[in-house]
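Please open the model in a viewer and keep the selection tool at hand. The tour below proceeds from one selection to the next.

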Protein chains: 2
Amino acid sequence: MVKVTLTRKVDRLSFSNVAERREQPPTLAVSTVIFSLRDNERTGRKSLWLPLVRRTREPFRGQWALPGGPLGARDSLLDAAASNLRDTTGLIPRYLEQLYAFGDLDRSPTRRVVSIVYWALVREDDAHDRATSVLLDDPNVAWFRADDPQVLAEMAFDHREIIEYALWRLRNKVEYGSIAHRLLGERFTLAQVREVYEAVLDKALDPANFRRQLRTAANIEETDEFLSGGKHRPPRLYRYTGTPTHRLESESIA
Amino acid sequence: MVKVTLTRKVDRLSFSNVAERREQPPTLAVSTVIFSLRDNERTGRKSLWLPLVRRTREPFRGQWALPGGPLGARDSLLDAAASNLRDTTGLIPRYLEQLYAFGDLDRSPTRRVVSIVYWALVREDDAHDRATSVLLDDPNVAWFRADDPQVLAEMAFDHREIIEYALWRLRNKVEYGSIAHRLLGERFTLAQVREVYEAVLDKALDPANFRRQLRTAANIEETDEFLSGGKHRPPRLYRYTGTPTHRLESESIA
DNA sequence: TCACTTATGGTCAAAGTGACACTAACTAGG
DNA sequence: CCTAGTTAGTGTCACTTTGACCATAAGTGA
């Protein structure tokens, strides 16, 4: 049982004290953690990046936050996440899954907000193509390394914990799952899949052994095509053929 | 892009049509799927049971539903789930984890409700001891087999899907996790742990092999005590020593 | 004491895993 | 055209894990 005894002055809705505003019904918001893959010149390996938006209003004005907004009365949770994402970042992810609902009393200093957080995976080229125009124009949207301690330390609200939880979930999921192809294109090389795993698990994997495992376990089939253009033997392209493990675990966008 | 144009006054008790009520802000509710272990005379094996409450009001009056209720402005999500559970079923679970937020537009025929659903595991003896008095007095609370198609088919709202999703999550979690000891007491025999796995996975497991795996992998240590009273060699009692994998994945009740 | 039941400890073959050597096929630069 | 460099892809080997199953231990009740 939570007993809060605060005596502060007025927030933006002008309640006379915290106890009073706490009687208001909680507000529902939807936010999204979006991951994409990018080169990391520091480690040489690819790593996970995510877009953040700068807050233009109090509280936390000027600080970085997850893209999100209130839940429209006519939107399903998924629709709300998707449309908000499109509006704020220009991104249209092909994969959007519910992460968690955060509802602690003190998440926001001004109001009681319950945030239903989704997480998304976008392909590297999508992130570039579609989001570039938005990004160039808008200094309030930017991409950051998902594990950048500097950025995490300065997040608005409890968004730091949210991101860390999303990373934890991602790591747990990639081990038994089919995350990779959602960060890649329709066709991909096994080396690209390996790069995804390496980025998420943050460690190098043996190419030969990794290939063996993928061929037995994962829902991947080879195509007749090869990727040329490298300075070396052209790798074969593969295609994903799997089915989602559970409906709710892989909602797709129309 | 969602353009909501509100030009109405607010009266939540009398909407003239569906489109109109959809403009109201969504209501937040919290429900819980509670699992416990019980003997199943049909299969001889133990199986999962869960308590349901009969609805006393429309919609779905008379049908069975998950215990739940609106989110109080002063309760965290977890508190709301726990206290509602106590009030409606008399149960105080030692384990409560968030399952999913269900927010489709047509979940309830009357209002737009977003339900944040938790799932709980209670020990067999707790379920008996604490809930017995409530159960005996109240014909509107009863336990059912978690996979009883009869009951599932007649659930109120979308609670059937919720239960099936909870079962799916449970099965996925038990494989790599420490679910068993939460359904059992402080000390337990390896056979009891095996019964939990058998109930969740719904298949028989080799006792010898199961023992070998538990001893290497799981966070279980043996005690000096044995359980006597059976018609056979008394099994050694064990104790759980593990730590939760992630805070949000195993919230404990105060 | 014996028959019965579950506990608990082995064995063995099959399958899976990690380390690593080796060959294949392309590009770049002479 | 030839060679060095790079990644693709195959094969091997020791070791670990897993599933099936047998054997013994230690209680109970008759």
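Select Arg211(A) together with DNA strand D: in this predicted model, a polar side-chain atom of Arg211(A) lies 2.7 Å from a phosphate oxygen of the strand, a polar contact (a pair of N or O atoms within 3.5 Å). This is a predicted model in which local features need pLDDT of at least 70 and side-chain atom pairs count only at pLDDT 80 or more, while totals for chains, interfaces and linings use all residues; pLDDT is the predictor's confidence in each residue, from 0 to 100. Residues are numbered from 1 along each chain as its sequence is written, chains are lettered from A and ligands numbered from 1 in the order in which they are written, and side-chain values use heavy atoms, without hydrogens and water.

Next, select Arg236(A), where a polar backbone atom is 2.9 Å from a phosphate oxygen of DNA strand D. Then move to Asn209(B): an N or O atom of its side chain is 2.8 Å from a base nitrogen of DNA strand D.

Now display the 21 residues around DNA strand D, that is, those with a heavy atom within 4 Å of it. Among those that come nearest are Arg215(A) and Arg212(B). Of the strand's atoms within 4 Å of the protein, 58% belong to sugar or phosphate and the rest to bases.

Finally, select residues 182-239 of chain A, which an unreviewed UniProt entry annotates as "domain: NrtR DNA-binding winged helix"; such annotations use the numbering given here, with shortened feature names, and may be inferred rather than shown by experiment.

Technical notes
Polar contact = N/O pair within 3.5 Å; in protein donor to acceptor, adjacent residues only side chain to side chain.
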